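Thanks for coming. I will take one residue as the starting point and work outward from there. Please look at the screen.

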Amino acid sequence: MAPRFLLRLSAALLILSGSVLAGEVADPNVVVDTSGLPPIAANAPEGNPYRGNARAAEIGRTAFNQACSRCHGVDAVNKGQVGPDLLKMDRSCPRIADPVIRQMCIVDQDDFFLKSVQEGKTRVGVVHMPAWKEVLTPAAIWTIRTFLESRSR
Amino acid sequence: MLRPMLSALLAGLSIANLPVSAAGNPAEPQVYGTCGMWPHARCRGADLRHKDLSALDLAGVDFTGANLARADLRAANLAGAIFDGADLSGARMAKVNAPGASFRNARLIGTDLEFAKLMRTDFTGADLTVANLEAARTPFAWFVGARLTNANLQETKFNATNLRNANLEGALLRYTIFPDSSFEGCTGCPTDW
């Protein structure tokens, strides 16, 4: 009887810790300083404006480790965290040979990333990821995207 | 003699089944207007009627308001895809993998969802009249206010499914199971389950 009770207790604690870790509200204490980066023009083309920018990747790493690492792993190294492995994203676009179509694909992935971070993920009433739009500016989100691209395998 | 003929035949079949881009290059993803056939694509309001999208990886694609009537999506990966307000009437969706997908207020009249994997899928307000969900699995899915009248629900596994205010009148409920499902306000649900 005792082992079964302990098993159930452990399972309950695991579920509880998962829901706490996932969090329903974005951490308002996250601060990302993007002042050293070029400002994003209102009429800038769609997509990540900081792609390939080493300084942005550096800022993105700090931002990621403050805001995202709890669920996606420190430095995006996912060792069984509750969130998906973000280094495995965007594997379809590089395989596309046509540069025009490939660019369309990359812009779609960028837009999906931006919206996912801004709006979060809620499915059938369960918050899987909080909305970060009140905490992270688009520039801050693009630095995180740039950091992840710099680390992609 | 037979073996080379067979391999040539199989090779021909596999090339014929590959999507072909506008440039005619095999293995390149197809693009319909601004809607590309890759994960996380933006396909809001796209006209995809009768298109063959079978076995494609369309995870996270936004098909909000799109017209996919009679499209072929068999065995496609639709994890996290959004079909809110889309028209999927008569679409062939057998064996789709659609965990976390959203079909809120979508039209799925006569849609074939046989053996579909629908974990945490949201069908709130959807119209699934005469749809085929035979042997589909729907753990933790929501069918709140959905219309399933005259649907084929034979061997459908509604585990922990939210069927509040749904309408199952005339649906075929043969070997259908509903463990831990909620039926408040549901018409035609087996409330004695």
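Start with Gly60(B), which is buried because 22 other C-beta atoms lie within 10 Å, and the cut-off for being buried is 20 or more. Keep in mind that this is a predicted model. Gly60(B) sits in the segment after strand 2 of chain B.

What is Gly60(B) in contact with, leaving aside its neighbours within four places in sequence? The list is Phe112(A), Pro39(B), His40(B), Gly80(B) and Ala81(B). Gly170(B) is another matter: it comes 110 residues away from Gly60(B) along the chain, and the two C-alpha atoms are separated by 33 Å.

Two names on that contact list lead somewhere. Take Ala81(B) to begin with. Apart from neighbours within four places in sequence, Ala81(B) is in contact with Leu58(B), Ala59(B), Gly60(B), Val61(B), Phe63(B), Ala98(B) and Ala101(B). Ala81(B) and Phe63(B) are also the residues with the most contacts inside the largest nonpolar core, which has 68 residues. Helix 4 of chain A gives the largest share of this core, 3 residues. There is a second, separate core of 23 residues, and it includes Ala63(A), Met89(A), Phe112(A) and Leu136(A).

Phe112(A) is the other name to follow. Phe112(A) is one of the buried residues of helix 4 of chain A, and others among them are Ile101(A), Met104(A), Cys105(A), Phe113(A) and Val117(A). Those buried residues are not just nonpolar names, since Asp108(A), Gln109(A) and Asp110(A) are on the list too. What do the buried residues of helix 4 of chain A pack against? They pack against helix 5 of chain A, residues 138-151, and against strand 1 (31-32) and strand 2 (35-36) of chain B.

We can check the length of helix 4 of chain A. It covers residues 99-119, so at 1.5 Å a residue its 21 residues should span 30 Å, and the end C-alpha atoms are indeed 30 Å apart.

Just after this helix, Gly120(A) takes a positive phi of about 75 degrees. Then come two strands. Strand 1 of chain A, residues 121-123, pairs with strand 2 of chain A, residues 126-129, in the antiparallel sense over 3 bridges. Arg123(A) has Val126(A) in strand 2 of chain A as its bridge partner. The hairpin leaves 2 residues between the strands, and in it Val124(A) takes a positive phi near 40 degrees.

Next is helix 5 of chain A. Is this helix enclosed or open? Of its 14 residues, 10 are buried, so helix 5 of chain A is largely enclosed by the rest of the structure. Trp142(A), Arg145(A), Phe147(A) and Glu149(A) are among the buried residues. Helix 2 (54-67) and helix 4 of chain A are included in what covers them. From first C-alpha to last, helix 5 of chain A reaches 20 Å, close to the 20 Å expected.

Helix 2 of chain A also has 14 residues, which at 1.5 Å a residue should span 20 Å, and its end C-alpha atoms agree at 20 Å apart. Its buried residues include Ile59(A), Gly60(A), Arg61(A) and Phe64(A). These buried residues of helix 2 pack against helix 3 (69-72) and helix 5 of chain A.

Now chain A as a whole. It has 5 helices and 2 strands, and from the N terminus the order is α-α-α-α-β-β-α. Of its 153 residues, 30% count as buried. Among contacts in chain A between residues at least 6 apart in sequence, 65% join residues at least 24 apart.

Back to the two chains together. How many residues of chain B are in contact with chain A? The number is 20, and they touch 14 residues of chain A. The chain B side is made up of 9 nonpolar, 6 polar and 5 charged residues.

Last, confidence. The predictor gives the complex an ipTM of 0.83 and a pTM of 0.85. Chain B has a mean pLDDT of 90, with 87% of its residues at 70 or more. Among the elements of chain B, strand 2 has the highest mean pLDDT, 98, and helix 1, residues 2-17, has the lowest, 45. Over residues 4-23 of chain B the pLDDT is below 50, and beyond near neighbours in sequence this stretch has 17 contacts in the model.

Methods:
Residues are numbered from 1 along each chain as its sequence is written. Chains are lettered from A and ligands numbered from 1 in the order in which they are written. This is a predicted model: local features need pLDDT of at least 70, side-chain atom pairs count only at pLDDT 80 or more; totals for chains, interfaces and linings use all residues. Helices (H or I, at least four residues) and strands (E, at least two) are DSSP runs, numbered from the N terminus. The expected span of a helix is 1.5 Å times one less than its number of residues. A residue is buried if 20 or more other C-beta atoms lie within 10 Å of its own, exposed if 12 or fewer, and partly exposed in between; C-beta atoms are placed from the backbone. Two residues are in contact if their C-beta atoms, placed from the backbone, lie within 7 Å. Ala, Val, Leu, Ile, Met, Phe, Trp, Tyr, Cys and Pro count as nonpolar, Asp, Glu, Lys and Arg as charged, and the others, Gly among them, as polar. Two strands pair if DSSP finds at least two bridges between them. pLDDT is the predictor's confidence in each residue, from 0 to 100. A nonpolar core is a set of buried Ala, Val, Leu, Ile, Met, Phe, Trp, Tyr and Cys residues joined through C-beta atoms within 7 Å.
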